[in-house]
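Work through the exercises below with the model open. Each task is followed by a stepwise solution.

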Number of protein chains: 2
Amino acid sequence: MSTPDPVHPTSVRLRVFSLNCWGIRYLSKHCAQRYTMIGDLLAKEQYDVVLLQEVWSEKDFDALRKKLASSLPYGHYFKSGVIGSGLAIFSKHRIQDTLRYRYSLNGYPYMLNHGDWFGGKAVGMAVLNIGNTTAHFYVTHLHAEYSREKDSYLPHRVVQAWELQHFIRYTSAEADLVVLAGDFNMHPMDLGNRLLRTYADLRDAYVETPKFDGCEDGGTMIAENPNNDMVPPEKGIRIDYILFKGSSRLELHCESMSTTKGSVPDHAFPYSDHEALTAELRLDRVSQDGVSQDGSKGMGPLARGSDRTAGKLAELVDIVTEARTEVKVGLHCAQGMCYTAARTGVMGLVLLLLELAIAAVPWLALGAPGPFPSVSFYLLGALCFLILLTTALLYLFYTMEIKSLQEAEDQMRQAVGCLQERLRGFPLASPGPPRLGPPGKERRPGGVGPEE
Amino acid sequence: MSTPDPVHPTSVRLRVFSLNCWGIRYLSKHCAQRYTMIGDLLAKEQYDVVLLQEVWSEKDFDALRKKLASSLPYGHYFKSGVIGSGLAIFSKHRIQDTLRYRYSLNGYPYMLNHGDWFGGKAVGMAVLNIGNTTAHFYVTHLHAEYSREKDSYLPHRVVQAWELQHFIRYTSAEADLVVLAGDFNMHPMDLGNRLLRTYADLRDAYVETPKFDGCEDGGTMIAENPNNDMVPPEKGIRIDYILFKGSSRLELHCESMSTTKGSVPDHAFPYSDHEALTAELRLDRVSQDGVSQDGSKGMGPLARGSDRTAGKLAELVDIVTEARTEVKVGLHCAQGMCYTAARTGVMGLVLLLLELAIAAVPWLALGAPGPFPSVSFYLLGALCFLILLTTALLYLFYTMEIKSLQEAEDQMRQAVGCLQERLRGFPLASPGPPRLGPPGKERRPGGVGPEE
């Protein structure tokens, strides 16, 4: 259970765990044995909430659930796509409700070797009541980055980050405590990561913690991990995160954080190809005058609201503009691909009609020899048909991709417009007219939301 | 602009319009002329917010936008799916932000004659600041009902209603005012409608209004409308709605409501095959002691919270249980279809292998006559291939359908469990421990949310 803190006796501490389990049955190395190890770890350690990614088989989730029946009695597997979302949550506290948002874009179905499309990538949300705190836990896994130099999935990942921040901002208004964990497949300063942290006003546990025990620079994909097929640079890369924010009612601190370090004592191999993260969060109530229980001034939304000065707004404008440019690049590519699919389809159709016309000659001029040997005739016909079918499916797919990119771009344009308007009125702005509501109306912690 | 009310001088009135435009270019009757009529109407009438459905072509949206540049200067088209979502919003007040949630289920891609799948049905949300009120407007269009007696899309529509109430409940926490309008394709007492209204705590403008001018029983699909292909029963049916709710800070009343009545004066045909809805809403601030400006006791969430007694909870349990049963029926069907697709695929594969084996005989036993005339050989091969391909695609599709149905069913099971737990403790329950927050912490209007 969430334990009282000895130094801050009225505080509550929460242990949150996150791991990309790399659980592709029959394909991931030592998959079954690793799940046993993961289950043992979770059963032994006193975690409050466990957020897992890449649990690709529901059978593995069910096995974990059975094993954790006493230590983490509540669980939910987020079903989505063809295979599943791979996302799961286990909790000591009853899961009150769950919500799942499936990203509009997630790679290409024909990239079978990458396979992200089939995973139905999403963000899963679970509502928990911890004591009398309403907590929203989010778990996600964004599209993988297969090449840092030529990352053709960048627009998709940026749109995912955009949808993720949007979803969190709007669904977390009621929460006292927000935690987002998962494999973002983005380095700390990558565009999508900046967008997510800044717009949804999330704090990075690794950056905030005063006590860290783990890999150098917080790496979660490290060269020392023998499960790694794509060996990351010597120092490792940090692509898995635990982010959090409190509210006007709840002050949140990350007290300590740790990661696994590749090998596991007494075991021949690590838990996964990623490192596992554990964060210890301390929850302090904030009294009405904005002072938290340890005497420090609360970082509630009112306090934070004043932080959101021109500088912060300008930063957001820059980030969203950068994201919009990236989406535009993606849009340009998708439009090109859609055009190519249409052109190839038309060529296939012309070829098919031509072949049929030539084949019709002997029927029309009876007795003339057939212009084709029949094998090549049918093979060519089948080829044309196949081209037509494939290009039709691709055309449909690219059309949907274009629509999703356009929607994200529209939203970003809107957001930049609203942010700039607020920015323009900034230094001269009066506190504004009182809102249509009682004077005590609270301002919400939902990031630099344009609704404020 | 939102106008002050003469009887309630400090109140604000809002005119909301909703119409399913039936805008399928080249297929819907008089499509271009009807858009001209709709544009004229919207430009003339003093609407604050216009929510449109079935605007299938973005070109038509752009034309409307141009025409309404001065009367309704802000607009957004929600892009989704292959064609688009068909959803659009126009507003007198600046659109601060938009969000779109695409439903997991929306019919079948091979039902080309119904075509819903290609529409990428969704719910669109727009955030508006009206004066100093934060308003969330939602527009949606659920899957059509092609046969009331044998409605094979019922599980899909129920899951859409489930996702809709979930989305609204969680994204409206910050809003003072929530309006949902659209073509639900459900009669007033249909399961999905009850689920939506009860769980998201939405009030039906037609039921609430003291002043109604429109078709009998509020019908929006009426026999008198010559555009109607599927002639509804004599009295017409009510499947288009404007629903709303206020908050603890804002009291909301529907002052009057009207619908078009089939024909339009001076025009040869109506605006659409559906009737248009207009609702006039009155917004009253609620003072801190819960009294609205006209002296009546506010219906804020605190007041409404006490309404949510055992009776209301029990009703919700019944509705969600009924919905869960419907989803289970859908799941059973989808599993059957998935199995059939797999079996047919295997048969196609066996046939293909058999044919290849027979064809291999003459090559192996040189000189033996070919067992097939080549035309039938190639035709059979093509047929087998086509069967394999179709069944593979269908298998993928049904697998995704099953996952989405299972996710909804899981969420419903969770919800029923939580509702029942609250119900069990009801008559004896104390007001509960104070929440981890200042005493002034406000309770939110988010319906009978399990998070409360």
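Helices (H or I, at least four residues) and strands (E, at least two) are DSSP runs, numbered from the N terminus. The model is predicted.

**Exercise 1. Place Asp201(A) and Asp266(A), then state the sign of phi and the exposure of each.**

Step 1: location. Asp201(A) lies in the loop between α4 (191-199) and β10 (203-204) of chain A. Asp266(A) sits in the loop between β13 (250-259) and β14 (277-285) of chain A.

Step 2: backbone. Most residues other than glycine have a negative phi. Asp201(A) is not a glycine, yet its phi is positive, about 60°. Asp266(A) also has a positive phi, near 65°.

Step 3: exposure. Buried means under 20% relative accessible area, and exposed means over 50%. Asp201(A) has 8% relative accessibility, so it counts as buried. Asp266(A) has 80%, so it counts as exposed.

**Exercise 2. Find the operation that superposes chain A on chain B, and name the relation.**

Step 1: operation. A rotation of 180° does it, with 0.0 Å of shift along the axis and an RMSD of 0.1 Å.

Step 2: relation. This is the relation of a two-fold axis.

Step 3: landmark. In chain A, the C-alpha nearest the axis belongs to Thr171(A), at 2.5 Å.

**Exercise 3. Describe the interface of chain A and chain B.**

Step 1: contacts. Chain A contributes 74 residues, in contact with 74 residues of chain B.

Step 2: shared surface. Of the interface residues of chain A, 99% are also interface residues in chain B, so the copies meet through the same surface.

Step 3: area. About 7,000 Å² is buried between the two chains. Carbon and sulfur atoms give 54% of that area.

Step 4: charges. The rule finds 6 salt bridges across the interface. Separately, the side chains of Arg169(A) and Asp97(B) form a salt bridge, 3.1 Å from N to O.

**Exercise 4. Is Leu164(B) buried or exposed, and what does it touch?**

Step 1: location. Leu164(B) belongs to helix α3 (residues 154-171) of chain B.

Step 2: exposure. Its relative accessibility is 0%, so Leu164(B) counts as buried.

Step 3: neighbours. Leaving out residues up to four places away in sequence, Leu164(B) touches Tyr103(B), Val123(B), Thr140(B), Leu180(B) and Leu196(B).

**Exercise 5. Which residues form a nonpolar surface patch with Leu356(A)?**

Step 1: members. Leu349(A) and Leu353(A) join Leu356(A) in the patch. Together the three have about 280 Å² of accessible area.

Step 2: location. Leu356(A) is in helix α7 (residues 310-364) of chain A.

Step 3: exposure. Leu356(A) counts as partly exposed, at 47% relative accessibility.

Notes:
Residues numbered from 1 in each chain as written. Chains lettered and ligands numbered in written order. Predicted model: local features only at pLDDT ≥ 70, side-chain atom pairs only at ≥ 80, totals over all residues. Heavy atoms only, no water. Least-squares fit on C-alpha atoms with pLDDT ≥ 70 in both. Contact = heavy atoms within 4.5 Å. Patch = residues over 30% accessible without salt bridge, like charges linked within 9 Å, V, L, I, M, F, W, Y side chains within 5 Å. Areas by Shrake-Rupley, 256 points an atom, 1.4 Å probe, with all protein chains shown as cover. Salt bridge = Lys/Arg side-chain N within 4 Å of Asp/Glu carboxyl O. Buried < 20%, exposed > 50% of the residue type's maximum accessible area, 1.4 Å probe, protein only. Buried area = accessible area lost by both parts, 1.4 Å probe.
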